[in-house]
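Student: Could you take me through one part of this protein slowly, starting with the place where charged side chains pair up? I would like one connected explanation that I can follow on the structure.

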Amino acid sequence: MGIRQFEQRLERLVEGVFAKTFRSGLEPVEIARRLTREMDLHRAMGVNGLIAPNHYEVAVSPADLANFESYSQALLRELSEAVREHARDEGYGFVGPVHVELVRDESLGAGEFLVAGQMLEAPGGAAVGSLLLDDGRRVPVGEDPVTVGRLPDCDIVLSDPNVSRRHAEVRRRGNDFIVADLGSTNGTRVNGAGVRERRLEDGDEVTFGSTRVRFEAS
């Protein structure tokens, strides 16, 4: 499921001039497939279930790296999403945030690449979560609470008129993540149910006013 979704997003990503990049050389979907195989090969049993590598280095040829250069950040975001989606499909957890990077390898020819994955803990070994907005932004939830509202000093500023100035916050509590409504006018909902405070699970849909955000745990 994750790879199919990746391929669909990739089609949108490479519309126009980017489409020419894939007529020869390395195709990003090949990298995504290798990343998921790397996860399956190096998964391990953790305290709370299966865990998979979360940090990946993808070595590519100079020619392929040049082909990816004009949109490398967008590509890396999509590859990271493919990793997260495969983890959700297979029930894998992570010990830290997902990170994918491209590195240049002079010994490789066009179309050749190598993938190395490892498990890297978040600083201090703390749990890691993030909020995924509709525009593609991903806001990590670390030691400090993430505030949501219309005020400019909020960590996530929403222009939604149904969102209060300081609407809610998402914070870490031990290894859990909590969303807490801050007395907003129109309330906060998790998966459609109104809440004052609630523990979040991976994939939960959190609605602030009329704005939906997805919570993802690593």
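Tutor: Find Arg 173 and Glu 197: in this predicted model, their side chains meet in a salt bridge, with N and O 3.0 Å apart. Arg 173 lies in strand β10 and Glu 197 in strand β14, so this pair ties together parts that are 24 residues apart in sequence. Is Arg 173 buried, exposed or something in between? With a relative accessible area of 42%, Arg 173 is partly exposed. Glu 197 counts as partly exposed too, because its relative accessibility is 42%, and the range for that label runs between 20% and 50%.

Now keep your eye on Glu 197, which has another partner. Arg 171 also forms a salt bridge with Glu 197, and the closest N and O atoms of that pair are 3.0 Å apart. Arg 171 sits in strand β10 (residues 168-173) and Glu 197 in strand β14 (residues 197-199), so here the parts tied together are 26 residues apart in sequence. Glu 197 of β14 is therefore joined to β10 through Arg 171 and through Arg 173. There is a simple idea behind such pairs: side chains of opposite charge can pair when their charged atoms come close.

How many salt bridges does the model have in total? The count comes to 14. Let us compare the pairs on the strands with one inside a helix. Arg 84 and Glu 81 meet through their side chains in a salt bridge, at 2.9 Å from N to O. Both residues belong to helix α4, and they are 3 residues apart, about one turn of the helix. Arg 84 counts as buried because its relative accessibility is 14%, and the cut-off for buried is under 20%. Glu 81, at 12% relative accessibility, counts as buried as well. These two residues are also part of a wider set: Glu 81, Arg 84, Arg 88, Arg 138, Arg 214 and Glu 216 are linked in a network of salt bridges.

Stay with helix α4 for a moment. It covers residues 72-90, has 19 residues and reaches 27 Å from its first C-alpha to its last, close to the 27 Å expected at 1.5 Å a residue. Is α4 mostly covered or mostly open? It is mostly covered, with 14 of its 19 residues buried. One residue to pick out in helix α4 is Leu 79, which is buried with a relative accessible area of 0%. Leu 79 and Pro 28 are 51 residues apart in sequence, and their C-alpha atoms are 8.1 Å apart in space. Just after the helix comes Gly 91, whose phi is positive, near 75°.

Pro 28 takes us on to helix α2, where it is one of the buried residues. Helix α2 (residues 28-41) has 14 residues and reaches 20 Å from its first C-alpha to its last, close to the 20 Å expected at 1.5 Å a residue. Its other buried residues include Val 29, Ile 31, Leu 35 and Met 39.

Let us return to the strands and the loops beside them. Arg 189 lies in strand β12 (residues 188-190) and counts as partly exposed, at 30% relative accessibility. Its C-alpha is 9.5 Å from that of Val 179, and the two residues are 10 apart in sequence. In the loop between β12 and β13 (193-195) you will find Asn 191. What is the sign of phi at Asn 191? Its phi is positive, about 55°, although Asn 191 is not a glycine. As background, most residues other than glycine have a negative phi. Asn 191 counts as partly exposed, at 45% relative accessibility.

Last, look for charges that sit together on the surface. Glu 143, Asp 144, Asp 153 and Asp 155 form a negative surface patch. Asp 144 has its place in the loop between β7 (138-141) and β8 (146-149). At 59% relative accessibility, Asp 144 counts as exposed, because the cut-off for exposed is over 50%. To finish where we began, look once more at Glu 197: its partners include Arg 171 in one salt bridge and Arg 173 in another.

Technical notes:
Residues numbered from 1 in each chain as written. Predicted model: local features only at pLDDT ≥ 70, side-chain atom pairs only at ≥ 80, totals over all residues. Heavy atoms only, no water. Helix = DSSP H or I, 4+ residues; strand = E, 2+ residues; numbered from the N terminus. Expected span 1.5 Å × (residues − 1). Buried < 20%, exposed > 50% of the residue type's maximum accessible area, 1.4 Å probe, protein only. Salt bridge = Lys/Arg side-chain N within 4 Å of Asp/Glu carboxyl O. Patch = residues over 30% accessible without salt bridge, like charges linked within 9 Å, V, L, I, M, F, W, Y side chains within 5 Å. Areas by Shrake-Rupley, 256 points an atom, 1.4 Å probe, with all protein chains shown as cover. Lys, Arg positive; Asp, Glu negative; His and termini not counted. Charge placed at Lys NZ, Arg CZ, Asp CG, Glu CD.
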